[in-house]
Amino acid sequence: MKILNKEKDFKTIVNLIKSGEIVCSPTDTQMGLLGSALNPNSVERVYKIKDRKRSKPLIILFSDLEQMELFGIEIPQKFIDFLKSTWPERLTVILQLKEI
């Protein structure tokens, strides 16, 4: 385990996540596990570390609407203007995946 400073070591942290590593980071209320949602091995490692049932979904953090659409998130039209005006502020939104 290596302790990194998020300001000083930001690029290193990003590279670790992109390479499939899991990073533990403090949030405003608890410690969070960070990994790439695009990497199935990373997702599996988070489930294993947390000893979490696969039936319980993990959260994904998005930086914009385009990222959400890439993941198949259904964004109701009534929320699009709100989300555009709110980002990049912190915001929690629970939305459904698109039907396939």
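1. A good place to start is Gly35, which sits in the loop that joins strand 2 (31-34) to helix 2 (40-50). Please keep in mind as you read that this is a predicted model.

2. How accessible is Gly35? Its relative accessibility is 36%, so Gly35 counts as partly exposed. Leaving aside residues up to four places away in sequence, Gly35 touches Ile17, Glu21 and Ile22. Val14 is 21 residues from Gly35 in sequence, and the two C-alpha atoms are 9.4 Å apart in space.

3. Now to the largest nonpolar core, which has seven residues: Phe62, Leu65, Met68, Ile73, Ile75, Ile80 and Leu83. Helix 3 (65-70) and helix 4 (77-86) each contribute at least two residues to this core. As background, nonpolar side chains tend to be buried together in soluble globular proteins.

4. Ile73, one of the core residues, is worth a look for its contacts. Which residues does Ile73 touch, not counting those up to four places away in sequence? They are Phe62, Met68, Leu95, Gln96, Leu97 and Lys98. Phe62 and Met68 also belong to the largest nonpolar core.

5. Phe62 appears again in the one aromatic pair found by a search of the whole structure. Its partner is Phe71: the ring centres are 5.3 Å apart and the planes meet at 70°, so the pair is edge-to-face, the class for planes over 60 degrees apart.

6. Are the two rings' residues buried or partly exposed? Phe62 has 19% relative accessibility and counts as buried, because the cut-off is under 20%. Phe71, with a relative accessible area of 30%, is partly exposed.

Note on methods
Residues numbered from 1 in each chain as written. Predicted model: local features only at pLDDT ≥ 70, side-chain atom pairs only at ≥ 80, totals over all residues. Heavy atoms only, no water. Phe/Tyr/Trp six-rings, centres within 6.5 Å; stacked < 30°, edge-to-face > 60°. Buried < 20%, exposed > 50% of the residue type's maximum accessible area, 1.4 Å probe, protein only. Helix = DSSP H or I, 4+ residues; strand = E, 2+ residues; numbered from the N terminus. Contact = heavy atoms within 4.5 Å. Core = buried A, V, L, I, M, F, W, Y, C linked by side-chain atoms within 4.5 Å.
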